[in-house]
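Please look at the sequence and the structure together, and keep both in view while reading the paragraphs that follow.

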Amino acid sequence: MGPGARLAALLTVLVFETGDPERAAARGDTFSALTSVARALAPERQLLELLRRYLREEEARLRDLTRFYDKVLSLHEDSTTPVSNPLLAFTLIKRLQSDWRNVVHSLEASENIRGNEEEGWRVDVFTTFIALKDGYEKVEQDLPAFEDLEGAARALMRLQDVYMLNVKGLARGVFQRVTGSAITDLYSPKRLFSLTGDDCFQVGKVRE
């Protein structure tokens with residue numbers, strides 16, 4: 001007889017053998033225990049819902065990190081990426097000045113690592129993150145400063161003003177001068193490199 005069958009037989013005895021007072025007490029204890037278990041199902045359902053929400057937020061954060069990683073990796077693997085492209089130069093400075101810092105020191109990552117450290121869970125994740133954080137801090141002093149980022153943004157704005165570049169085209173990575181119905185290509189990089197909304201916001205701030 002397996003463990004499940006033995007448990008079922010025990011419960012049958014407790015339910016149907018009513019003559020013995022001791023057995024009756026045991027039945028009462030068993031019923032109380034089962035009632036407590038049934039009541040505990042509702043809190044667990046609440047915990048499941050909270051865990052589901054956390055997993056969705058964590059998945060979204062990891063998707064953002066993966067997109068950032070894939071984007072930067074593609075630039076490093078593409079030998080045709082022109083270093084003379086002013087948009088590429090600006091976004092490189094921005095990544096090194098703020099984007100990488102945000103990745104390493106994001107509140108979400110810090111909270112997750114602290115939690116893992118306290119619980120002793122997934123030590124490999126904690127160790128990997130610490131390696132990334134230490135690596136960033138070792139090169140941090142050599143990275144562009146905020147003043148460098150502002151200077152790169154002003155350089156882009158001056159470029160747009162001097163050559164009367166179409167702003168929407170520039171954001172798409174196209175260097176065109178639009179005069180009336182005439183469109184003149186001033187620079188055609190082999191690979192288009194568009195600006196993100198955050199990139200455009202950073203450039204626009206220098207006009208304020």
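The text below moves through helices, salt bridges, a hairpin and aromatic pairs in turn.

The model shown here is predicted, and a good place to begin is helix H2, which covers residues 21-77. Leu51 has its place in this helix, and because its relative accessibility is 44%, a value between the limits for buried and exposed, Leu51 counts as partly exposed. On the surface, Leu51 joins Leu48, Tyr54 and Leu55 in a nonpolar patch, and together these four residues have about 380 Å² of accessible area.

The stretch of H2 that holds Leu51 can also be read for its charged side chains. Arg52 and Glu49 meet in a salt bridge, with 2.3 Å from N to O, and since these two residues are 3 residues apart in helix H2, they are separated by about one helical turn. Glu49 also takes part in a salt bridge with Arg53, where the closest N and O atoms are 3.2 Å apart; here the two residues lie 4 residues apart in H2, which is again about one turn of the helix. How buried or exposed are these side chains? Arg52 has a relative accessible area of 33% and is therefore partly exposed, Glu49 counts as partly exposed at 28%, and Arg53 counts as partly exposed at 48%.

By the rule used for such pairs, the count comes to 8 salt bridges. One of the others joins Asp99 to Lys94, with the closest N and O atoms 3.1 Å apart, and both Asp99 and Lys94 are buried. Lys94 and Asp99 also belong to a network of salt bridges that links them with Asp198 and Asp199.

Helix H3 covers residues 86-104 and includes Gln97. Because the relative accessibility of Gln97 is 9%, and buried means under 20%, Gln97 counts as buried. Leaving aside residues up to four places away in sequence, Gln97 touches Pro144, Ala145, Phe146 and Leu149.

Further along the chain come two strands, E1 (residues 175-179) and E2 (residues 182-187), which run antiparallel and are joined by 5 bridges. Thr179 stands opposite Ala182 in E2. The hairpin of E1 and E2 has 2 residues between the strands, and in this hairpin Gly180 takes a positive phi near 65 degrees.

Aromatic rings offer another way to follow the fold, and a search of the whole structure finds 2 aromatic pairs. In the pair of Phe68 and Trp100, the ring centres are 5.1 Å apart and the planes stand at 80 degrees, so the pair is edge-to-face. Because Phe68 lies in helix H2 and Trp100 in helix H3, this pair ties together parts that are 32 residues apart in sequence. Phe68 is buried, with a relative accessible area of 17%, whereas Trp100 counts as partly exposed at 28% relative accessibility.

Phe175 and Tyr187 form an aromatic pair that is likewise edge-to-face, with 5.1 Å from centre to centre and 70 degrees between the planes. Phe175 is in strand E1 and Tyr187 in strand E2, so that the pair links parts of the chain 12 residues apart. At 3% relative accessibility Phe175 counts as buried, while Tyr187 is partly exposed, with a relative accessible area of 29%.

Note on methods. Residues are numbered from 1 along each chain as its sequence is written. Side-chain values use heavy atoms; hydrogens and water are left out. Patches are made of residues with over 30% relative accessible area and no salt bridge: like charges are joined within 9 Å, nonpolar side chains (Val, Leu, Ile, Met, Phe, Trp, Tyr) within 5 Å. Accessible areas come from the Shrake-Rupley method with a 1.4 Å probe; for residues, only the protein chains shown count as cover. A salt bridge is a side-chain nitrogen of Lys or Arg within 4 Å of a carboxyl oxygen of Asp or Glu. Buried means under 20% relative accessible area, exposed over 50%, partly exposed in between (1.4 Å probe, protein chains only). Contact means heavy atoms within 4.5 Å. Two strands pair if DSSP finds at least two bridges between them. Rings of Phe, Tyr and Trp (its six-membered ring) pair if their centres lie within 6.5 Å; planes under 30 degrees apart count as stacked, over 60 as edge-to-face and the rest as tilted.
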